[in-house]
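This report describes the surroundings of a bound ligand and a selection of charged side-chain pairs. The sequence and the structure are shown first.

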Amino acid sequence: MAGERLVRPVRSLVRSIEEAEIGEQSLHDLVRHVPAEVAPLLYGLHVTHARLRRTLRQVEQDRAEVGAIFEHMGDSVLLLDAYERIVLSNPAAERMLRCTSPPLGRSLAEVARDADLVDLVRNVSDAGPLTRLIDFYPGVPSDAGDAVGERRWIQAVATRLPERRRLLVLQDISELRRAEVARRDFVANVSHELRTPVAALKALVETLEQGAIDDPVEGPRFLHLMHVEVDGLAQLVSELLDLARAEAGRLELRLAVCRADEMVREAAERIRPTAKQADLRLDVAIDPSDELWVCADSRRIGQVLSNLLGNATKFTPAAGRIEAGARRRGQRVELWVSDTGVGIEPEHLTRVFERFYKTDPSRARAAGTGTGLGLAIAKHLVLAHGGQIWVESHGPGRGSTFHFTLPAAPPDLVEE
Ligand code: ADP
């Protein structure tokens with residue numbers, strides 16, 4: 001009987017523990033019904049149970065956090081078993097390997113189809129992680145349903161885990177590499193652009209030193225040539241600064257409501273003497289009934305127009321024609337500069353906006369002039385205004401037309 005009196009509350013406690021609902025209140029109830037010797041045991045059980053529950057809750061929370069990190073991290077993670085089968089993968093890995101569903105149970109070789117990656121995983125030992133840069137072509141046509149994807153540069157780190165399992169972490173560093181290559185190209189291009197005028201200046205100074213300075217005809221001629229080179233250098237430096245600012249997103253625009261037709265006319269008047277000298281006809285085409293108010297930094301747009309008009313004069317043979325104009329197109333105003341000059345080959349139409357892009361300089365009126373930066377800067381300036389820029393050409397010898405758009409000023413901002 002005494003045994004039953006002792007066992008019942010213990011059984012009840014066990015049930016409560018099983019149901020995970022033992023609280024302070026139920027504990028006090030239980031304690032009241034047991035002999036005094038059993039009470040400390042009950043308290044002990046209660047404390048242990050509470051501690052266990054706290055620990056479990058913490059473990060669950062930690063697991064949820066790790067799970068969320070695993071799900072959302074940008075790097076790809078794959079866990080492989082001893083047979084190189086994938087036992088765990090995160091969404092980043094599935095995206096990188098272009099799997100339509102988690103590739104669990106499939107072999108790494110089958111999913112990644114990359115011998116270097118498989119080789120890396122096979123070579124990893126307990127000595128420490130192995131890292132390798134992998135030139136990776138993602139895409140398993142049967143899985144992703146389309147052709148092999150774009151080439152990527154992947155930094156892969158394989159680590160050996162207990163039971164011959166392996167952890168593979170893949171980081172896509174293609175953008176970093178592209179930026180690095182672009183930076184290297186940029187430095188090479190700048191050095192090249194600087195070398196030519198500096199070498200010319202050096203040669204001119206040497207010629208002057210060797211006596212040409214006292215020659216009443218040659219002296220001033222060499223000085224003039226030096227002037228031209230120095231002007232070219234100054235332009236290159238100022239364009240480089242503009243481009244650097246634009247690429248760093250630090251182009252300050254002083255936006256105001258202004259008239260596109262005025263900007264076109266002013267730019268045309270600035271270039272008119274040069275065009276005349278080159279025997280080119282220059283027309284401005286504007287429909288006076290068009291609503292041509294825009295939101296723009298007039299100085300910067302003037303710079304874009306001067307660049308386009310400068311190119312048109314440079315790339316159009318004598319007796320040709322240049323036309324500049326503006327017209328309304330819905331919520332935008334389109335400005336254009338067309339010429340009857342040397343034209344641009346179809347495959348170069350988008351490339352002309354790349355920095356340092358120049359076609360054969362012999363096609364230009366003044367060979368060697370130009371830095372190849374003008375259109376890259378023009379593109380940045382137009383994009384910064386929220387517009388677009390593009391070029392059309394019917395091919396070599398058939399002229400070109402450069403167009404760009406600007407947002408039209410809302411009617412309530414326009415003060416006639
Ligand atoms: P550049 O200072 O060399 O003129 P740009 O960036 O302004 O640099 O132009 C890049 C290249 O685009 C030029 O070298 C030329 O090959 C081509 N280009 C630009 N405008 C014209 C044009 N109106 N007609 C033909 N080719 C052009």
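The model is predicted. Within it, a backbone N or O atom of G374 lies 3.4 Å from an oxygen atom of the ligand. L375 also offers a backbone N or O atom, here at 2.8 Å from a ligand oxygen. N311 takes part through its side chain, where an N or O atom is 2.8 Å from an oxygen atom of the ligand. The ligand taken alone exposes 530 Å², of which the protein buries 97%.

**The shell around the ligand**

The ligand is surrounded by 21 residues, and the closest are N311, K314, D339, T359 and L375. By class, the shell comprises nine nonpolar, nine polar and three charged residues. Three secondary-structure elements each supply at least two residues of this shell: the helices α11 (298-314) and α12 (374-384), and the strand β12 (400-407). The most is given by α11, with four residues.

**Salt bridges**

Side chains of opposite charge can pair when their charged atoms come close. The structure holds 26 salt bridges. Three of them are listed below with the distance from N to O.

| Salt bridge | N to O distance |
|---|---|
| R106 and E110 | 3.1 Å |
| D261 and R259 | 2.8 Å |
| R327 and E334 | 3.0 Å |

How accessible are the partners R106 and E110? R106 has a relative accessible area of 23% and is therefore partly exposed, since buried means under 20% and exposed over 50%. E110 likewise counts as partly exposed, at 39% relative accessibility.

In the bridge between D261 and R259, D261 is buried, with a relative accessible area of 7%, whereas R259 counts as partly exposed at 31%. The bridge between R327 and E334 likewise joins a partly exposed arginine, R327 at 25%, to a buried glutamate, E334 at 6% relative accessibility.

Which residues are linked with R259 and D261 in a network of salt bridges? The network consists of R259, D261, E262 and R265.

**Summary**

The ligand has oxygen atoms at the stated distances from the side chain of N311 and from the backbone of G374 and L375. The protein buries 97% of the area that the ligand exposes when taken alone. Among the charged pairs, the buried partners D261 and E334 are each bridged to an arginine that is partly exposed, R259 and R327 respectively.

Methods:
Residues are numbered from 1 along each chain as its sequence is written. This is a predicted model: local features need pLDDT of at least 70, side-chain atom pairs count only at pLDDT 80 or more; totals for chains, interfaces and linings use all residues. Side-chain values use heavy atoms; hydrogens and water are left out. A residue is near a molecule or strand if one of its heavy atoms lies within 4 Å of it. A polar contact is a pair of N or O atoms within 3.5 Å; within protein, one must be able to donate a hydrogen and the other to accept it, and residues adjacent in sequence count only if both atoms are side-chain atoms. Accessible areas come from the Shrake-Rupley method with a 1.4 Å probe; for residues, only the protein chains shown count as cover. Ala, Val, Leu, Ile, Met, Phe, Trp, Tyr, Cys and Pro count as nonpolar, Asp, Glu, Lys and Arg as charged, and the others, Gly among them, as polar. A salt bridge is a side-chain nitrogen of Lys or Arg within 4 Å of a carboxyl oxygen of Asp or Glu. Buried means under 20% relative accessible area, exposed over 50%, partly exposed in between (1.4 Å probe, protein chains only).
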